[in-house]
Amino acid sequence: MAKVEEYKLFPGCTIGNRIPFIEASARKVFDKLGIKTSDAAFACCPDPVGFNSVDHTSWLAMGAHNLTLAEAEGKDIVSLCNGCFQTLKLVNVELNNNEHEKEKINKILKGIGKVFKGSINVKHFVEVLHDYGPDKIKEFVTHDFSGLKVACHTGCHYNRPSEIVQTDDPMEPVKLRELVAATGATPIDYSEEMLCCGSGVGNTEEAPSMQMLANKFSSAVKAGADVFVVICPACFQQMDTNQKKAGTQSNNEFKIPILYLTELFALSFGMNPDELGLKFHRARLTDFLEKNGLK
Amino acid sequence: MVVIDYEFKKKVMDAHIHDALKYCYQCNRCTDVCPVADLAPNRYNPRNLILNSFLGLRENIFGGDDSFNIWGCTMCDTCDEICPQKIELTGVFTVLKNISIAKGEGPEYYTIQASAIYDSGKAIPPQPAIERRREQLGLPKVEAPNIEEVKTILNETKLNKIINK
């Protein structure tokens, strides 16, 4: 693509205000690849699992409000989070395809002097990186991860509902696998690859959430995974912080590193682990770093 | 006696943008693939929810002892993908959840989060410790959202009434 693009970066509440080291790795990777982004005063996307369940109209209106901020600059949004991506994409599509809803939401936005036009697109960062090209990304790799077995976990809101988000295959996504393979690592097959991490139901009740997580972990460990690579902060938090609970729930012990795709890329581009804030992971990365000659 | 609530029935039918809900023939694929129904088959059953929704049997859904029958949904959208009739089940469940919240029957997590969004514009408001960490990581400050605009929007949608603000 010859056109010089700049995206509005949408890190989201969880990454920005809870696990900012993910944002650090993403910004470093974008800089290295020459993908341009700029910030905006976005509010909460808002959460497709939480806020949409409370009041669909409020969810549409808040999502539309965020979209107007990017529309004002005529720039597409790149989201670092599955949840924010799904919300902004779904709101954009729902309002663009439903004149009645669009009118209703614009009546609400009129109170703050804004109009939703539907003039921009919303992208997940995996789409942006995959459009950039796994082969082109390979050229930046200085630390080869050959031999590393990766359990890829896209999470649910990256590729579903597929008719609307149109990112990847809804049940057999390939883009994350191809991006992981660009670092030399091997994406493995494991039986519960498409199982939800359990974060959603965890808002209601812990036991089923931890059981889903345990089933996911067991299946990946059985298949020989060294690490998980994820692309959603809700999945990341569920998988990084709840290993002990999931173990207790299922009479297991889980100690498996959880890496964000942008962290794997940053390391493979030769960036210093200390600068990435990897020490803030709850599932320790010490062994992983040592084994891979990064410490 | 079975009571059909036509107003409720209209609400779920109208909310469904493809109007495909009425074509459900109860094949059970949704429940087959549901990861929560797999673990808690007696407490969560998406096929059953859809049946009671399109028949307008409101009392079979709301007001029970265990709201897990609605809130057990983990929002994975797997049922949406598998449904041979292309029913967006998750969209229907969102209508049910909105009703459940308005009746004060939803888990408190949801209203607490909505309250944080109403007050600060963010589901997770900024905290000094994280702001320092951002600085250490060389990250720019998070640009603060326009809270007045957020409040104006959410008062207009009457979210303030739903969450008692």
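Domain bounds, as I will use the term, come from an automatic or database domain assignment, and on that basis chain A is divided into domain 1, residues 6-125, and domain 2, residues 143-291. Please keep in mind throughout that what we are looking at is a predicted model.

Let me start with how those two domains sit against one another. The C-alpha centres of domain 1 of chain A and domain 2 of chain A lie 24 Å apart, and the contact between them takes 24 residues from domain 1 and 24 residues from domain 2. On the domain 1 side, three helices of chain A, namely α1 (12-17), α2 (20-33) and α5 (82-96), each supply at least two residues. Which of the elements gives the most to that side? It is α2(A), with eight residues. If we sort this side of domain 1 by class, we find 13 nonpolar, eight polar and three charged residues.

Within chain A there is also an open sheet of four strands, in the order β2-β1-β3-β4, with parallel pairing. Its edge strands are β2 and β4 (122-124) of chain A, each of which pairs on one side only, and the twist from one strand to the next averages 40°. To take one pair as an example, strand β3 of chain A, residues 77-79, and β4(A) pair in the parallel sense over three bridges, and A:V78 stands opposite A:K123 in β4(A).

Turning to the nonpolar interior, the largest nonpolar core has 132 residues, and the members that touch the most others are A:L88, A:V150, A:F228, A:V229, A:V230, A:F236 and A:L261. The largest share of this core, eight residues, comes from α4(A). If you would like one residue to follow on the screen, take A:L261, which, leaving aside residues up to four places away in sequence, touches A:V126, A:L176, A:L179, A:V229 and A:I231.

Now to the second chain. Here 52 residues of chain A are in contact with 54 residues of chain B. On the chain A side, the elements that give two or more residues are α1, α2, α3 (51-54), α4 (56-71), α11 (199-202) and α12 (206-222), and α4(A) gives the most, with six residues. By class, the side of chain A that touches chain B has 26 nonpolar, 19 polar and seven charged residues.

I will finish with some details of the backbone, beginning with two cis peptide bonds in chain A. The bond from A:C45 to A:P46 is cis, with omega near 0°, and A:P46 is placed in the loop between β2 (36-38) and α3 of chain A. The bond from A:R160 to A:P161 is likewise cis, with omega near -10°, and A:P161 is found in the loop between β5 (149-153) and α9 (162-165) of chain A.

There are also two residues with positive phi that are not glycines. A:N251 has a phi of about 55° and is in the loop between α14 (243-250) and β8 (258-260) of chain A. For B:M75, phi is near 60°, and this residue lies in the loop between α5 (68-71) and α6 (78-82) of chain B. Is A:N251 buried or exposed? A:N251 counts as exposed, because 7 other C-beta atoms lie within 10 Å and the cut-off for exposed is 12 or fewer. B:M75, by contrast, has 24 C-beta neighbours inside 10 Å and therefore counts as buried, the cut-off for buried being 20 or more.

How values were computed
Residues numbered from 1 in each chain as written. Chains lettered and ligands numbered in written order. Predicted model: local features only at pLDDT ≥ 70, side-chain atom pairs only at ≥ 80, totals over all residues. Contact = placed C-beta atoms within 7 Å. Nonpolar A, V, L, I, M, F, W, Y, C, P; charged D, E, K, R; others polar. Core = buried A, V, L, I, M, F, W, Y, C linked by C-beta atoms within 7 Å. Pairing = 2+ DSSP bridges. Axes fitted to C-alpha atoms, helices over the stretch in contact; angles between N-to-C directions.
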